[in-house]
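Trainee: Got a minute to go through this one with me?
Mentor: Yes, put it up.
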Amino acid sequence: MGGTLREPAEVTIGEDGTVSLPLGLLAEAGLSPGSRILAYSRGDGCIVLRREQDAMDELLDTGELG
């Protein structure tokens, strides 16, 4: 991955199940408001957010999401 990682951002899951991510975190990941992302569970306590096209490309290439 490379690059400088920021300090982790603590967020809270709202009563309605929504989570708001800081814009700086999105920008660091190369995402902007309105970007289409895919969210999936990687197991207990781990949720992955991926750019939708990247996730679909990987799924087509490897048959799984990494």
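The chat below goes from the overall fold to the surface.

Trainee: What kind of model is this?
Mentor: It is a predicted model, where local features need pLDDT of at least 70, side-chain atom pairs count only at pLDDT 80 or more, and totals for chains, interfaces and linings use all residues. Residues are numbered from 1 along each chain as its sequence is written, and side-chain values use heavy atoms, with hydrogens and water left out.

Trainee: How many helices and strands in the protein chain?
Mentor: Two helices and two strands, in the order α-β-β-α along the sequence. These are DSSP runs numbered from the N terminus (helices H or I, at least four residues; strands E, at least two).

Trainee: What share of the residues is buried?
Mentor: Buried residues are 8% of the 66 in the protein chain. Buried means under 20% relative accessible area, exposed over 50%, partly exposed in between (1.4 Å probe, protein chains only).

Trainee: Which residues make the nonpolar surface patch?
Mentor: V11, I13, V19, L21, L25, I37, I47 and L49, covering about 680 Å². Nonpolar patch members (Val, Leu, Ile, Met, Phe, Trp, Tyr) have over 30% relative accessible area and no salt bridge, and their side chains are joined within 5 Å. A salt bridge is a side-chain nitrogen of Lys or Arg within 4 Å of a carboxyl oxygen of Asp or Glu. Areas are Shrake-Rupley values with a 1.4 Å probe; for residues, only the protein chains shown count as cover.

Trainee: Where does V11 lie?
Mentor: In the segment before α1 (23–28).

Trainee: Why does V11 count as partly exposed?
Mentor: Because its relative accessibility is 37%.

Methods:
Patch = residues over 30% accessible without salt bridge, like charges linked within 9 Å, V, L, I, M, F, W, Y side chains within 5 Å.
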